[in-house]
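Q: Could we go through this structure together, with attention to its interior and its open spaces?

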Amino acid sequence: MNIPVSFTEHRGRTVLALAFLHDNGVFGLDGDKTAMEILGRAGLLAESAKWIPYWRSEQTAHASQPGLLITAYQNAAAKRLTLVVVNPGAADLQTDITVPGGGKAVDAETSAVLVTKGNQIQQLAVKHHDFRLLVVE
């Protein structure tokens with residue numbers, strides 16, 4: 001069964017989360033202008049972005065709540081860090097994300113500026129079986 005890759009459909013978001021976590025690339029979104037804009041804002045289309053997998057991202061970004069997976073894409077030239085924060089658990093979570101160096105943090109999907117204090121993104125809500133795509137500059 002084909003699962004449509006989509007930012008709006010729940011199963012499609014699962015496919016996106018897995019692709020971002022493992023840096024597998026995203027195929028099937030090139031006809032979706034809104035999705036391509038999200039990927040562009042997030043910096044995931046930049047070939048210069050260095051992938052930092054979730055099993056090695058502890059020093060790049062750390063969640064205050066256990067159970068979240070965080071993969072990062074670091075683009076030194078653009079002075080941007082993109083975080084893919086995935087909640088594979090069965091319950092919604094609210095967490096603080098510590099990012100050494102800190103900076104302004106924005107939700108790449110909505111362009112909403114996130115609450116930060118020092119080097120922390122504060123009270124980030126991540127729904128169960130879902131992800132958040134964040135940009136820290």
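The exchange below takes up confidence, the nonpolar cores, the pockets and the cavity in turn.

Q: What is the mean pLDDT of the protein chain?
A: This is a predicted model, and the mean pLDDT of its protein chain is 91. A value of 70 or more is reached by 99% of the residues.

Q: Where is confidence lowest, and where is it highest?
A: The lowest mean, 89, belongs to H2. Strand S5 (residues 93–98) has the highest, at 97.

Q: Turning to the interior, which residues touch the most other members of the largest nonpolar core?
A: Those are Phe 7, Phe 20, Leu 44, Val 84, Phe 131 and Leu 133, in a core of 19 residues.

Q: And which elements each supply at least two residues of this core?
A: Two helices and two strands do so: H1 (10–22), H2 (33–42), S4 (80–87) and S9 (130–136).

Q: What does Leu 44 touch, leaving aside residues up to four places away in sequence?
A: Leu 44 touches Phe 20, Leu 39, Tyr 73, Thr 82 and Leu 133. Phe 20 and Leu 133 are themselves among the core residues that touch the most other members.

Q: Which residues does the second core include?
A: The second core is separate and has 18 residues, including Leu 83, Ile 97, Leu 114 and Leu 124.

Q: On to pockets: what volume does the largest one have?
A: The volume of the largest pocket is about 270 Å³. Of its 18 lining residues, Asp 23, Gly 25, Val 26, Leu 44 and Leu 45 are the closest to its centre. H1 and H2 are the elements that give two or more residues to this lining.

Q: How does that lining divide by class?
A: The lining of the largest pocket has 13 nonpolar, 2 polar and 3 charged residues.

Q: How many residues of each class line the second largest pocket?
A: Its lining has 6 charged, 3 nonpolar and 1 polar residues. Among them are Arg 13, Asp 107, Glu 109, Lys 127, Asp 130 and Arg 132. The volume of this second largest pocket is about 180 Å³.

Q: Which strand gives the most to it?
A: S9 does, with 3 residues. Strand S8 (120–126) also supplies at least two.

Q: Finally, how many cavities of 30 Å³ or more are found?
A: The search of the whole structure finds 1. The largest cavity has a volume of about 40 Å³.

Q: What lines the largest cavity?
A: Its lining includes Val 99, Gly 102, Gly 103, Asn 119, Gln 120 and Val 136. By class there are 6 polar, 4 nonpolar and no charged residues.

How values were computed: Residues numbered from 1 in each chain as written. Predicted model: local features only at pLDDT ≥ 70, side-chain atom pairs only at ≥ 80, totals over all residues. Heavy atoms only, no water. Core = buried A, V, L, I, M, F, W, Y, C linked by side-chain atoms within 4.5 Å. Buried < 20%, exposed > 50% of the residue type's maximum accessible area, 1.4 Å probe, protein only. Helix = DSSP H or I, 4+ residues; strand = E, 2+ residues; numbered from the N terminus. Contact = heavy atoms within 4.5 Å. pLDDT = per-residue confidence, 0-100. 1 Å grid on protein atoms, 1.4 Å probe; cavity = no way out; pocket = protein on both sides within 12 Å on 5 of 7 lines; lining within 4 Å. Points joined across faces, edges and corners; volume = space filled by probe spheres on them. Nonpolar A, V, L, I, M, F, W, Y, C, P; charged D, E, K, R; others polar.
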